[in-house]
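The following paragraphs walk through one protein chain, from its sheet to its helices and its surface. Please keep the sequence and the coordinates at hand while reading.

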Amino acid sequence: MNDVTPFAVALLIAALVGLAAVLSNRLGEWFPVPAPALFLVGAAAASDIWPALGKIPITLVEQIVTVALLVILFDGGMQIGWRRFRANAGAITWIGVAGTLVTAAAVALAAHSLFGLDWRIALLLGTALSPTDPAVVFSVLGRRQIGGRGGIIVQGESGANDPVGIALLVVLLGAGRIDMHSIGSILGEFAVQIVVGAVAGLVGGLALLWFMRRVPLPAAGLYSLRVLMCVVALYGVTTLAHGSGFLAVLVAGVVIGGQRAPYRGDIERFHSALASLGEIVAFVMLGFTIHVTGDHGVVDGGAWWIGLLLAVLLTLVIRPLLVGALIWRMRLARGERLFVLWTGLKGAVPILLGTYILRAGVPDAQRAYEIIFVVVAFSVIVQGSVVPVLARRLGVPLQTVNPRPWTMNARFEEEPDSLHRFTVAAGSVADGRTVAELPSDDLWVSVIIRRGRLVTVTAETLLHSGDEVLILAEPDSRAILSELFTSDTLGPQ
């Protein structure tokens with residue numbers, strides 16, 4: 001019976017951490033400091049108070065965080081969706097790939113020139129600090145979502161540069177030496193990782209979409225689990241094929257995002273919740289690997305001032321100048337442009353890449369790891385705390401998304417291709433008209449949802465912008481109907 005007590009304590013701690021993770025979005029509304037920062041710094045402090053927490057094998061931490069990152073990237077891809085990505089593919093790809101490379105080079109140059117780090121560790125440090133983190137941004141915003149093209153670019157950039165940064169660091173670590181003679185092979189291996197990952201993600205996403213549509217399962221709850229297992233399998237297959245498994249997962253999410261499939265709404269909600277939990281788990285596990293005080297701590301080791309100066313330089317100089325030059329010709333309002341440049345927040349991925357450097361045994365790796373921790377902490381706490389206020393000051397559209405706990409469902413064995421769902425856009429043909437005045441005779445408005453409440457539908461019911469409308473009409477009339485409402489959001493759930 002004595003063995004039960006420590007196990008019960010471990011379960012209790014895990015349950016409390018999990019409960020805090022579930023409540024993390026509300027924590028972002030209650031406290032001025034973003035929730036991920038609380039978990040990261042809290043876990044680091046806990047590892048100093050209870051040294052046993054800091055003895056978790058680094059390989060186990062990497063594996064747990066890798067699984068969490070797979071879920072986060074797949075969910076991010078689904079949120080972007082194929083239609084939104086296709087409309088912004090050039091911008092997302094350009095800033096995601098080129099932005100990662102120029103940021104890595106600039107940080108490496110600063111680390112070598114200003115702080116005297118060796119070129120190899122400086123380049124590894126720059127690569128680790130180049131990816132941004134969309135989950136931190138959305139955690140900071142709480143229930144508010146960024147509107148406009150700027151929101152799509154922030155989300156797309158963060159999703160794209162995570163796999164790019166990871167692939168580049170893996171190639172650099174595998175190269176051993178970094179000199180003029182090895183640059184060609186490094187770039188070649190990096191290109192292979194990206195191309196194989198992108199192709200695997202496209203093929204895997206299409207295969208998964210076919211699987212979701214064509215192969216029924218005996219229980220509704222199994223559909224979400226099937227997608228999760230397929231995502232993990234896709235990562236494994238792509239990695240074995242020497243491609244970027246993280247990029248493959250992201251692309252697969254983009255491919256199936258917004259596509260019509262059985263239980264699609266349930267699948268999206270499941271993976272969104274899992275991604276939120278995975279983000280907090282990643283920060284907690286990575287926080288356990290850091291010692292704040294002591295002989296090898298961040299404070300006493302002297303890494304804090306290098307990390308702080310590098311964070312300020314990265315935030316106020318490197319990203320505004322280099323990434324600003326990359327997005328100069330993009331069609332963005334001035335406020336959106338400034339918001340994109342500020343919201344390049346660092347998150348769990350840089351610290352995960354720091355564990356790669358640490359485990360590779362590179363000289364000065366511990367110091368680099370502590371610098372990465374300080375930069376991430378500064379980014380989440382300082383930059384993240386300013387994001388909501390900055391969005392309001394710059395006029396970036398923010399939409400508060402309130403949860404809707406009550407549903408009205410109708411399940412069908414076959415896909416209801418005659419059921420269409422639209423959102424009435426401001427200034428559209430339908431905005432301000434009654435149901436009877438809609439210029440079409442072959443449709444039936446069956447349901448109107450206004451600010452989360454059902455509206456009684458009659459011929460004299462007036463439609464307003466923001467109304468969600470369910471319409472019964474012929475399948476081939478969808479394009480005509482879309483012109484009336486101009487904002488086709490979701491297919492049947």
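Which residue in β6 is the bridge partner of F422? The model, which is predicted, gives V469 as that partner. The pair belongs to the contact between β3 and β6, two strands that run antiparallel and are joined by 5 bridges. Strand β3 is mostly covered, with 4 of its 5 residues buried.

These two strands are part of an open sheet of 4 strands, arranged in the order β3-β6-β4-β5 with antiparallel pairing. At the edges are β3, residues 419-423, and β5, residues 453-455, each of which pairs on one side only. Averaged over the sheet and with direction ignored, neighbouring strands are turned by 25° against each other.

At the β5 edge, the pairing is with β4, which spans residues 443-450. The two strands are antiparallel and share 3 bridges. I448 takes part here, with V455 in β5 as its bridge partner.

A helix also belongs to this picture. Helix α17, residues 478-485, lies across β3, β4 and β6, the last of these being residues 468-473. The helix runs at about 20° to β3.

The sheet region also contains a salt bridge. R450 and D467 form this pair, and their closest N and O atoms are 2.8 Å apart. R450 is in strand β4, while D467 sits in the loop between β5 and β6, so that the pair links distant parts of the chain, 17 residues apart. Both R450 and D467 are buried.

How many salt bridges does the structure hold? The count is 7, and two others can be set beside the R450 pair. One of them joins the side chains of R359 and E62, with an N to O distance of 2.8 Å. R359 lies in helix α15, residues 348-359, and E62 in helix α4, residues 58-87, so this salt bridge ties together parts that are 297 residues apart in sequence. The two partners fall into separate accessibility classes. R359 counts as partly exposed because its relative accessibility is 48%, whereas E62 counts as buried because its value is 6%.

The other joins the side chains of R264 and E268, at 3.4 Å from N to O. Here the partners are 4 residues apart in helix α12, residues 264-288, which means that about one helical turn separates them. R264 is buried, with a relative accessible area of 4%. E268 is partly exposed, with a relative accessible area of 22%. The cut-off matters for this residue: buried means under 20%, so a value of 22% does not qualify.

From charged pairs the account turns to a buried threonine. T238 lies in helix α10, which covers residues 221-240. Is T238 buried or exposed? T238 counts as buried because its relative accessibility is 2%. What is T238 in contact with, leaving aside its neighbours within four places in sequence? The contacts are V196, G197, A200, G243, S244, G245 and A248. For a distance in this region, take A198, which is 40 residues from T238 along the chain. The C-alpha atoms of A198 and T238 are separated by 9.6 Å.

The surface offers a contrasting case. A nonpolar patch is formed there by W304, W305, L308, L309, V312, L316, V317, L321 and L322. Together these residues have about 800 Å² of accessible area. One of them, V317, is found in helix α13, residues 303-326. V317 is classed as partly exposed because its relative accessible area is 35%. Membership in a patch requires over 30% relative accessible area, so V317 meets that condition with its 35%.

The details above can now be placed in the whole chain. The secondary structure comes to 17 helices and 6 strands. Of the 493 residues in the chain, 47% are buried. Among contacts with a separation of 6 or more, 80% are between residues 24 or more positions apart. The accessible surface of the chain comes to about 23,500 Å², and carbon and sulfur atoms account for 65% of that surface.

Notes: Residues are numbered from 1 along each chain as its sequence is written. This is a predicted model: local features need pLDDT of at least 70, side-chain atom pairs count only at pLDDT 80 or more; totals for chains, interfaces and linings use all residues. Side-chain values use heavy atoms; hydrogens and water are left out. Patches are made of residues with over 30% relative accessible area and no salt bridge: like charges are joined within 9 Å, nonpolar side chains (Val, Leu, Ile, Met, Phe, Trp, Tyr) within 5 Å. Accessible areas come from the Shrake-Rupley method with a 1.4 Å probe; for residues, only the protein chains shown count as cover. A salt bridge is a side-chain nitrogen of Lys or Arg within 4 Å of a carboxyl oxygen of Asp or Glu. Buried means under 20% relative accessible area, exposed over 50%, partly exposed in between (1.4 Å probe, protein chains only). Two strands pair if DSSP finds at least two bridges between them. Axes are lines fitted to C-alpha atoms, for helices over the stretch in contact, and angles run from 0 to 180 degrees between N-to-C directions. Contact means heavy atoms within 4.5 Å.
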